[in-house]
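Okay, everyone, thanks for coming. Let me put the model up, and then I'll walk through its sheets, its helix contacts and the ligand site.

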Amino acid sequence: MPNLAINGGEKTRTEGWPKWPPDDPGFLENLKAVLDSGVWGVNGEWTLKAIEMMCDFHDANHGVAVTSGTTALEVALRACGVKVGDEVIVPPYTFVATASSVVAIGGIPVFVDIDPETFNIDPDAIEDAITDRTAAIIAVHIGGSPADMEPIMQVARKHGLKVVEDCAQAHGAIYRGRRVGAIGDAGAFSFQSSKNVTAGEGGMILTNDPDLYSKCWSLHNIGRVPEGGWYDHRVMGFNYRMTQFQGALICRGMELLPEHFELRARNGDYLRQRLEEVEGVELQKLTHPDNVSAFHLYIFRYDPEAFDGLSRDRFLQALGAEGIPAARGYNPLYREGMFADKVNTDEFPFCPPFYEGTVNYKEVSCPACEHICDVGSFWMSQRTGLADEKAMDDIVDAILKIQANLDELEEEEAAQ
Ligand SMILES: Cc1ncc(COP(=O)(O)O)c(C=O)c1O
């Protein structure tokens, strides 16, 4: 009789996983209030309230509500003064928008490897990538776990660079006692469907810098200025405004966030501790012991050696069959089509007269990122952290079960 569920054995977990977004009557109440108010777009109170709640929670002085995390990054980068042909340092282990937002405003992403244990950009590798064309660094709090902001800020200040935090996955995350978002010059949040606070789509920029704030405000509001009139467009801008419906959903999401945040962190701590029993699988490490991850994703390191060389992809099939759905995650971004074929290209913005350097993304090599993307990691989604302690036990038990029954997978692999 086989033991592993993939071979017909009993499943480790038969219960499902929490729903996301959660069922909560507060969402409907807020949406109805917007509908009834007749103010669905500009000049409504809900986006302002959403901004206030985000600022309060993240200890930021100013916020601008926009259409997505991607446009939040674009606006923040523009406001930071990134111009056509400027280089922006980004990690390759992130969602494509971190780098595509740079290209969208005419900048050139320069990929700097990650730390193989924290999965965040390696601060020690940043300085070597700085040139006289570098304008900014994007520090991504990947999976919700804060990047190491202190050394990143130090190197940025030394070279006169701006720092934009990509907080798309990190609502409420704590870096050395401080919530993320306004540690760097600006922070860009997303409220896309999967995010820990969601409005289906949406984004927000937080900052403590009043000048940056007013630039972001103008950029997202067709070049208007707060003290100016309706038909008074002083700078080139865009319509990246959020609707009141999105604001209303975020307001309810922000009320739920503290409890969700605690639960995700508690489950994360418990899971980290239980994984000490398992050789070859561990949770993404924090960049500082005092940090608290927002646990948007539970990102795991996987060492095939501890599983007799079992490939990560085969391991994930066996894990999924046990009732623990997990995914392999990102590819190194420079291998994605939009970058991989940019080799001395004449395409805007990668060529003269826009860019004075040359790009050859085929030659980029970030070994730590490649290892974890190709063989050494896997993820569980944002719903995982909202489950209970038993679910965390199920994750660990399923992994231990696979490890104890590797012969079943090896026999099968040999038979193929
Ligand atoms: C790390 C990261 N950056 C940026 C984004 C872009 O956010 P959005 O999908 O709201 O444009 C996302 C989300 O999808 C993300 O995960």
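**The seven-stranded sheet**

So, first thing to say: this is a predicted model. Let's start with the sheet of 7 strands, which is open, has mixed pairing, and runs in the order β1-β9-β8-β5-β4-β2-β3. At the edges you have β1, residues 62-66, and β3, residues 108-111, and each of those pairs on one side only. Going from one strand to the next, the twist averages 25°.

Let me zoom in on one edge. β2 covers residues 87-90, and it pairs with β3 in the parallel sense, over 4 bridges. If you want a residue pair to click on, take V90, whose bridge partner in β3 is F111.

Now, what lies across this sheet? One answer is helix α3, residues 69-79, which lies across β1, β2, β4, β5, β8 and β9. For your selections, β4 is 134-140, β5 is 162-166, β8 is 186-190 and β9 is 203-207. The helix runs at about 165° to β8. Then there's α6, residues 149-158, which lies across β4 and β5 and runs at about 175° to β4.

**α3, α4 and the ligand**

Stay on α3 for a moment, and bring in α4, residues 97-104. These two helices pack at an angle of about 50°, with their axes 9 Å apart. That angle is why we call α3 oblique to α4. As for handedness, the crossing of α3 and α4 is right-handed.

Which residues make that contact? From α3 it's G69, T70, L73, E74 and L77, and from α4 it's A97, T98, S101, V102 and A104. By class, the contact of α3 with α4 has 5 nonpolar residues, 4 polar and 1 charged.

Okay, the ligand. There are 14 residues around the ligand, and the ones that come nearest are S68, G69, T70, A168 and S190. You'll recognise G69 and T70 from the contact between α3 and α4. Both α3 and α4 supply at least two residues each to the shell around the ligand. And how does that shell divide into nonpolar, polar and charged residues? We get 4 nonpolar, 9 polar and 1 charged.

**The three-stranded sheet**

Next, the other sheet on my list. This open sheet has 3 strands in the order β10-β11-β12, and the pairing is antiparallel. Its edge strands are β10, at 281-283, and β12, at 377-380, each pairing on one side only. On average, neighbouring strands here are turned by 30° against each other, direction ignored.

β11 is residues 298-302, and its antiparallel pairing with β10 runs over 3 bridges. The pair to look at is E282 with its bridge partner in β11, R301.

**One more helix pair**

Last stop: α9, residues 312-321, and α12, residues 389-404. Their axes come within 10 Å and cross at roughly 125°. With that crossing angle, α9 counts as oblique to α12. The crossing of α9 and α12 is right-handed.

On the α9 side the contact is made by F315, A318 and L319, and on the α12 side by A398, I399 and I402. So what classes do we have in the contact of α9 with α12? It has 6 nonpolar residues, with no polar and no charged ones.

That's my tour. Over to you for comments.

Conventions:
Residues are numbered from 1 along each chain as its sequence is written. This is a predicted model: local features need pLDDT of at least 70, side-chain atom pairs count only at pLDDT 80 or more; totals for chains, interfaces and linings use all residues. Two strands pair if DSSP finds at least two bridges between them. Axes are lines fitted to C-alpha atoms, for helices over the stretch in contact, and angles run from 0 to 180 degrees between N-to-C directions. Two residues are in contact if their C-beta atoms, placed from the backbone, lie within 7 Å. A residue is near a molecule or strand if its C-beta atom, placed from the backbone, lies within 6 Å of it. Ala, Val, Leu, Ile, Met, Phe, Trp, Tyr, Cys and Pro count as nonpolar, Asp, Glu, Lys and Arg as charged, and the others, Gly among them, as polar. Angles under 35 degrees count as roughly parallel, over 145 as roughly antiparallel, 65 to 115 as roughly perpendicular and the rest as oblique. A crossing is left-handed if the near helix is turned anticlockwise from the far one by less than a right angle, and right-handed if clockwise.
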